[in-house]
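Here is a short briefing for a reader meeting this structure for the first time. Please look over the sequence and the model before reading on.

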Amino acid sequence: MNFDGGFNGNSSHTMDHDSQSSEALIGSRASAVELQHLRYAIAAADHGSFRRAAGVLLLRQSTLSRCVRQLEHLVGMTLFERSSGGVRATEAGRNFLGLARSILEEVDSLVTMAHRTGCGEAGQLTVGYYTSLSAGNLRATLMDYSQRFPDITVNVVEKSRSRLIASLRNGGVDVAIATGETPFPSSKSVRLWSERILVVLPEGHRLAANETIQWIDLKGETLLLGQRDPGSEIQDLLTARLVSSAERPKVVRHDVSRESIKSLIGAGFGIGLTLEASLGAKFSGVVHREARDGTGPIRMDHSANWRGDNKNPALAAFLKLLAERYPSPST
């Protein structure tokens with residue numbers, strides 16, 4: 001029993017050693033196989049001749065033939081039957097070359113995708129915003145970008161200004177589209193477009209018959225604003241335009257979406273202010289009128305904010321598109 005146990009132990013150790021040696025040999029040979037070996041062998045199979053394949057690849061026939069022999073040696077099988085009329089893959093060779101084609105296709109796809117990602121033609125871009133996507137420039141810009149770069153996945157996230165600042169700082173978003181003139185801290189910024197501010201009224205409101213509405217016309221009204229952006233910026237603008245508190249409407253803030261604010265307006269709870277991008281979302285019972293002052297339509301600027309150390313090629317492509325669509329007045 002002791003002898004048998006000792007013998008079996010040594011045998012197991014020897015078998016493990018042989019297995020490890022075999023795996024090491026296979027691994028060594030596999031690492032020696034180059035993509036060039038596979039490409040030459042596939043070309044030979046496709047053209048049925050080392051000579052013709054070498055001519056297409058602009059090689060010497062001896063170079064291609066030697067490379068195929070090296071491949072056969074490394075994989076331990078004969079891939080081709082040679083004859084005076086050319087070469088033909090063996091049954092084992094056909095199976096091998098079928099897998100080789102799949103490998104080369106995957107490698108070519110990987111290299112192409114890596115190149116396109118490096119050029120900003122593929123990859124992923126995360127855009128943060130707190131304006132409306134119903135219509136307007138932001139929606140049109142994202143559509144244009146997706147059409148130009150169909151291999152880039154665009155993620156959009158809607159957050160408040162403060163949360164977008166944090167997300168930009170920690171890399172949660174690549175670029176943030178914001179309203180107002182104040183740029184995000186510790187970021188690069190470029191002015192994009194401006195949008196008209198519209199007054200949202202119930203259909204039967206006394207001001208609904210007017211084509212445009214002056215700020216002073218809002219005196220005595222109940223103005224519904226959301227707790228979320230850009231409600232606070234609209235209120236700041238209103239305060240700046242109507243210095244006297246006696247001229248301002250009564251502001252009531254609700255922690256609901258822009259859509260819910262419009263529903264409340266349609267139900268007669270007050271009036272509202274919104275940006276023209278929100279016109280894409282239709283609501284029954286409300287009308288929109290352009291807000292004006294003595295100089296014309298009242299507008300709010302939009303800007304793009306991003307980190308200067310963000311090297312995402314998809315971001316560079318997006319910023320280039322923004323520069324094309326919304327050139328700086330100085331350019």
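The notes below cover the overall build, one pocket and a group of aromatic rings.

This is a predicted model. The protein contains 10 helices and 13 strands. Its second largest pocket has a lining of 2 nonpolar, 3 polar and 7 charged residues. Elsewhere in this briefing, ring pairs join Y145, F149 and F318 into a cluster.

**Overall build**

- The protein has 331 residues, and 38% of them are buried.
- Take the contacts between residues at least 6 apart in sequence: 74% of these join residues at least 24 apart.
- The accessible surface of the protein is about 18,300 Å². Carbon and sulfur atoms account for 51% of that surface.

**The second largest pocket**

- The volume of the second largest pocket is about 220 Å³.
- Two elements each give two or more residues to its lining: α8 (231-241) and β13 (299-306).
- Helix α8 supplies the largest share of the lining, with 4 residues.
- The lining includes E233, D236, L237 and R241.
- R299, M300 and D301 also line this pocket.
- Further lining residues are R161, T179, G180, E181 and T182.
- By class, 7 residues of the lining are charged, 3 are polar and 2 are nonpolar.

**Aromatic rings**

- The protein has 4 aromatic pairs.
- One of them is Y145 with F149, a tilted pair. The ring centres are 5.1 Å apart, and the planes stand at 50° to each other.
- Y145 and F149 are both buried.
- Another pair is Y145 with F318, and this one is edge-to-face. Here the distance is 5.2 Å centre to centre, with 85° between the planes.
- F318 is buried, as is Y145.
- Which helices hold Y145 and F318? Y145 lies in α6 (residues 136-148), and F318 lies in α10 (residues 313-325).
- The two residues are 173 residues apart in sequence, so their pair ties together distant parts of the chain.
- Y145 takes part in both of these pairs, with F149 and with F318. Ring pairs thus link Y145, F149 and F318 into a cluster.

Technical notes. Residues numbered from 1 in each chain as written. Predicted model: local features only at pLDDT ≥ 70, side-chain atom pairs only at ≥ 80, totals over all residues. Heavy atoms only, no water. Buried < 20%, exposed > 50% of the residue type's maximum accessible area, 1.4 Å probe, protein only. Contact = heavy atoms within 4.5 Å. Areas by Shrake-Rupley, 256 points an atom, 1.4 Å probe, with all protein chains shown as cover. 1 Å grid on protein atoms, 1.4 Å probe; cavity = no way out; pocket = protein on both sides within 12 Å on 5 of 7 lines; lining within 4 Å. Points joined across faces, edges and corners; volume = space filled by probe spheres on them. Nonpolar A, V, L, I, M, F, W, Y, C, P; charged D, E, K, R; others polar. Phe/Tyr/Trp six-rings, centres within 6.5 Å; stacked < 30°, edge-to-face > 60°.
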